Each structure stands twice: as C-alpha cells, then as structure tokens.
Amino acid sequence: MPEFDFHAPRLFVDASLGGGQTVPLERNQSNYLGNVLRLSAGDTILVFNGRDGEWQAEIAGRKRPDSLMVKAQTRPQDRLPDIAYVFAPLKHARLDYMVQKVVEMGAARLQPVLTRFTQVSRVNGERMRANVIEAAEQCGIISLAEVADPMPLDRFLGQREAKRLLVFCDEAAEVADPLQALQKVEGALEGIDVLIGPEGGFAEEERALLLRQPNILRLSLGPRILRADTAGVAALALVQAALGDWAKAGLGNPAVSR
C-alpha cells in the first residue's frame, strides 16, 4: 500500500484531530471545498494539523460544506529533520516560491535575517505561513515548518546554539565538491542551520563575522552564481542528501541516535 494518497484533497485545520471528532470549517475552507473542488456532503478528504498526524474526514453540511467528521488516522505524526533555513528576504513573488520549495525540501524552520545588502526590509510573516500551509497541503507533508520573525544577521549569530552546524553558502568560497564536504562532517549533530545570503552577497565584515563562528562549514555551490531562491533549493538538496532525511542515517530519523 502506498504511503501517500495522491488523489484525495488535503486540508490543514487548526483544531485537534481524533476519531469521531467534528471540526467546523472556516468560510474560506468551505468555499474551497464546495466551489473550487466541487465537493459536497459525504465526500472524503485528508486533514492534518501538524500535531496529530493525518486523518480521513467526511464532509458534512446541507447547502455547503460546513464541518468535517473525522474518521480514521491514515498516518501518524512525523517530525521534520532539524534543519533551519536562514535567508535574506526576497521580493514577494520570489519569496513565495522560495518558501514553498524550502517546505518541500523538508526544512523545519524558516529564519529571515537582515544583512547590509538585503533588498527587502519588511517581511509578511502571515503570507509566509500561508505559503507553508499551502505547500504542505499539496505535497503530503504533515509537519509544518515554523516561521520566525526577521532579525539582523549579527543578532542571529549571537544567539544561535553553538553546537548546531552552520552551513555557510558563500559565493566567494573556493569551488570544491560540496557534497563530499558535507559527508565528511563528523560527530553527533544537534541541528543544522543553512545560511543563504542576499542577491548582492555578504559584506566583507559580515563574511568575517561568519567565518569566526564555531562549528561552521563554508560551502561553494558550484562554478556559477545562483539566484538566492535557486541557491536555497540547491543547498537544501545537498544537506538532505548528506546529513538529512534523504540519507539513511539522517536528522529526523527516529531510528537514529544522534
């Protein structure tokens, strides 16, 4: 039996889930199910809340869907690998794209940081959270990534846990094999922070501050300069393949003791 049901619609609900429970639908959810998906009473969907796993639920309501009857659990709650995506914010459309792709890649936390060359100083956290939910609904993900408030880069570096691995993706680094470098990381990992800078790159004093950080791995992402959103996908693919839950003994694998 396949792990994922790719045919049933999926919906995030901010309510506790359990067999026999009734979950009222918000107006936009009712509109989505009834008018967009053309579903009605008696049809079934999959629901999740990021805490109680994934459940099959039946739509109820006379004129329009107004609630869900929770039936049976289809998947228990999982957890994401302990990977934080730390990034300089982008403009709206590209930020939307980046958030969606980072969620698909399995990041557990999104942390915007402000640098000297960051082009966007204000971040719409609610919009980011909406993109996190939409990506999770579409991709069979049942654990929601946390969206943190933006902060200056130096403040983030000053308060981050030193035992976490800081993967610093630096366009000024010598081009080498990034996957091999990640695979050579030794010792038990207590989380990974993947840092992608702004399109203008890091200022020299920022780079110097970063290189003084404990437990840092400086990476080149190849011989070409990547756009910031592309660099994020590339970096997370490398980290997941070498150290994350794409690897046999990755972060987030409950069978592995780290």
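In this tour, contact means heavy atoms within 4.5 Å. The model is predicted.

**First stop: the open sheet**

Select strands 1 to 5. Together these five strands form an open sheet in the order 1-3-4-5-2, with mixed pairing. At the edges stand strand 1 (10-12) and strand 2 (22-24); each has a single partner strand, so one side of each is left without a neighbour in the sheet. From one strand to the next, the twist averages 40°.

Within this sheet, select strand 3 (residues 44-48) and strand 4 (residues 54-60). The two run antiparallel and are joined by five bridges. To see one position in this pairing, display L46, which stands opposite Q56 in strand 4.

**Second stop: the helices across the sheet**

Select helix 3 (residues 125-139) next. Helix 3 lies across strand 1 and strand 3, and its direction is at about 150° to strand 1. Then add helix 1 (residues 27-36), which lies across strand 1, strand 3, strand 4 and strand 5 (67-75). Helix 1 runs at about 175° to strand 1.

**Third stop: strand 6**

Move to strand 6 (residues 83-87). Five of its five residues are buried, and the strand is thus described as mostly covered. In a regular strand the side chains alternate between the two faces of the sheet. Colour the two sides of strand 6 separately: I83, Y85 and F87 lie on one side, A84 and V86 on the other, and all are buried.

Which strands pair with strand 6? One is strand 11 (residues 192-196), paired in the parallel sense over five bridges; here Y85 has V194 as its bridge partner. Another is strand 7 (residues 109-114), also paired in the parallel sense, over four bridges. In that pairing, V86 stands opposite Q111. Now trace the chain from strand 6 through helix 2 (residues 92-104) to strand 7: this β-α-β crossover is right-handed.

**Last stop: Q213**

Finally, select Q213, in the loop between helix 6 (204-211) and strand 12 (216-219). Is Q213 buried or exposed? Its relative accessible area is 13%, and buried means under 20%, so Q213 is buried. Show its side chain, which reaches the backbone oxygen of L209 at 3.0 Å. Display L157 and L166 as well: Q213 touches both, not counting residues up to four places away in sequence.

Definitions and conventions. Residues numbered from 1 in each chain as written. Predicted model: local features only at pLDDT ≥ 70, side-chain atom pairs only at ≥ 80, totals over all residues. Heavy atoms only, no water. Buried < 20%, exposed > 50% of the residue type's maximum accessible area, 1.4 Å probe, protein only. Pairing = 2+ DSSP bridges. Right-handed = clockwise from strand over helix to strand, strands pointing away. Axes fitted to C-alpha atoms, helices over the stretch in contact; angles between N-to-C directions. Polar contact = N/O pair within 3.5 Å; in protein donor to acceptor, adjacent residues only side chain to side chain.
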